Amino acid sequence: KSAGPNQQRTYKSTYGEFANQRSRLLLDLKAALANDQLSVVYQPQFDASKHTVTGVEVLVRWQHPQQGFISPDQFIQIAEQNGLITEITDFVMRQAIGELNDHGLLYHDVTRVSFNVSAADFIGERSRERFARNLSQLPGDWSIVQLELTETAALLNLDSVRRVLQSLRERGVQVSLDDFGTGYSSLSTLRQLPIQELKIDQSFVRDIATNMNDAKLVRTILAMAKALHMRVVAEGVETSAQASFLIHEGCHELQGYLYAKPMGIMQLATFLRNLRSSKLQT
Ligand code: C2E
Ligand code: MG
Ligand code: MG
Ligand code: MG
């Protein structure tokens with residue numbers, strides 16, 4: 001009898017701690033946006049046959065004053081659920097464009113900049129305006145910009161996503177479907193969106209060289225993308241066996257630790273400078 005209330009208290013406090021942690025994280029994230037704790041890193045992407053850098057993906061980073069580095073996987077979802085994600089998107093786009101421009105990398109060394117966006121970025125009358133304001137810092141045309149969205153994000157508000165993407169397309173912005181293969185989009189849905197690129201999720205890339213089913217799946221994605229005239233990027237490429245398979249099967253571009261990890265702007269500038277003289281080895 002006396003163990004009952006005790007146990008309940010334990011359960012309650014555990015649940016309370018969990019909820020508490022999430023609201024704490026949310027408060028901290030709001031502070032992070034206001035106090036310069038967020039930053040961006042860049043991960044280069046490579047052409048599979050020409051061994052050149054085709055673009056960079058911009059990824060957000062959070063350095064928490066007490067807890068240290070907190071992964072986007074831990075806070076993006078919370079930001080999405082609490083209406084904070086659009087502020088993060090605005091920060092990431094402006095910060096990256098500013099940094100790349102300050103280092104003279106835009107349109108020269110970096111000809112494509114990919115941003116991860118969420119469903120909420122496409123909701124409301126002002127979403128087009130917000131993208132326009134963020135991109136207005138670009139010294140040239142918008143075709144250098146690509147938006148990466150997941151199938152799940154696209155499906156959440158298909159109509160408004162399509163409308164906003166279409167108007168951005170008219171200004172040259174490119175569209176990539178991220179984590180492809182992990183969502184539930186059908187071919188007919190895909191055809192409703194102005195998509196230029198598919199990113200094969202890293203969960204399919206991981207065992208590509210050893211798992212027959214994953215290999216078949218990736219071949220199928222590549223064949224489909226070819227039929228739809230889309231570019232295919234493989235993400236999470238870590239071994240040369242994975243790279244060889246992907247290149248052999250006709251994957252256009254590769255991204256992963258094998259080639260380059262996400263890096264800050266200074267490191268990126270050096271990386272691109274070094275690459276200009278020595279070609280990538282595979
Ligand atoms: P994602 O867009 O699919 O990005 C790929 C993730 O894989 C990144 O993790 C990247 O650092 C990591 N990665 C790259 N190469 C390799 C590799 O060879 N092996 C392995 N194991 N991982 C690799 P990161 O930066 O932690 O981001 C995780 C996710 O958080 C992203 O997945 C994206 O969905 C989200 N995210 C990151 N930055 C932003 C952002 O600015 N806005 C939004 N809305 N989401 C973001
Ligand atoms: Mg991405
Ligand atoms: Mg991805
Ligand atoms: Mg992902």
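Student: How are the donor residues of the magnesium ion (ligand 2) spaced in sequence?

Tutor: Happy to start there, with the reminder that this is a predicted model. The spacing pattern reads E-x58-N-x31-E-x29-D for the donors of the magnesium ion (ligand 2).

Student: Which atoms coordinate the magnesium ion (ligand 2), and at what distances?

Tutor: A donor here is an N, O or S atom within 2.8 Å of the metal, and water is not among the atoms, so a site may look incomplete. For ligand 2, the coordinating atoms come from Glu57 (OE), Asn116 (OD1), Glu148 (OE) and Asp178 (OD), at 2.0 to 2.2 Å.

Student: Which parts does the pair of asparagine 116 and aspartate 178 tie together?

Tutor: Look at the elements that hold them. Asparagine 116 belongs to strand S4 (residues 113-116) and aspartate 178 to strand S6, so this pair links parts that are 62 residues apart in sequence.

Student: Which residue bridges the magnesium ion (ligand 2) and the magnesium ion (ligand 3)?

Tutor: That is aspartate 178, and the two ions lie 4.0 Å apart.

Student: And what coordinates the magnesium ion (ligand 3)?

Tutor: Asp178 (OD), Asp179 (OD) and Glu235, which is listed twice through OE, coordinate ligand 3 at 2.1 to 2.4 Å. Along the sequence, the donor residues of ligand 3 follow the pattern D-D-x55-E. Aspartate 179 sits in strand S6, while glutamate 235 sits in the loop between strand S8 (231-234) and helix H10 (240-248), so that pair ties together parts 56 residues apart in sequence.

Student: Let's turn to the pocket. What is the volume of the largest pocket, and which residues are closest to its centre?

Tutor: Its volume is about 1,200 Å³. Of the 37 lining residues, Leu59, Pro72, Asp73, Asn116 and Asp178 are the closest to the centre. You have already met two of those names: Asn116 and Asp178 both coordinate ligand 2.

Student: Which elements each supply at least two residues of the lining, and what is its make-up by class?

Tutor: Strands S2 (53-64), S5 (145-150) and S6 (174-180) do, and so do helices H2 (72-81), H3 (85-102) and H5 (151-156). By class, the lining has 15 nonpolar, 12 polar and 10 charged residues.

Student: One last feature: how do helix H4 and helix H6 cross?

Tutor: To read a helix pair, take the axes, then the handedness, then the contacts. The axes of H4 (residues 127-135) and H6 (residues 158-170) come within 10 Å and cross at roughly 35 degrees, and the crossing is right-handed. Ser127, Arg128 and Phe131 of H4 meet Val164, Ser167 and Leu168 of H6. That contact has three nonpolar, two polar and one charged residues.

Notes: Residues are numbered from 1 along each chain as its sequence is written. Chains are lettered from A and ligands numbered from 1 in the order in which they are written. This is a predicted model: local features need pLDDT of at least 70, side-chain atom pairs count only at pLDDT 80 or more; totals for chains, interfaces and linings use all residues. Side-chain values use heavy atoms; hydrogens and water are left out. Axes are lines fitted to C-alpha atoms, for helices over the stretch in contact, and angles run from 0 to 180 degrees between N-to-C directions. Helices (H or I, at least four residues) and strands (E, at least two) are DSSP runs, numbered from the N terminus. A crossing is left-handed if the near helix is turned anticlockwise from the far one by less than a right angle, and right-handed if clockwise. Contact means heavy atoms within 4.5 Å. Ala, Val, Leu, Ile, Met, Phe, Trp, Tyr, Cys and Pro count as nonpolar, Asp, Glu, Lys and Arg as charged, and the others, Gly among them, as polar. On a 1 Å grid over the protein atoms alone, a cavity is a set of points where a 1.4 Å probe fits but cannot get out, and a pocket is an open set with protein on both sides within 12 Å along at least five of seven lines; lining residues have an atom within 4 Å of a point. Grid points are joined across faces, edges and corners, and a volume is the space filled by probe spheres set on the points. Donors are N, O and S atoms within 2.8 Å of the metal (3.2 Å for Na, K and Ca); water is not among the atoms, so sites may look incomplete.
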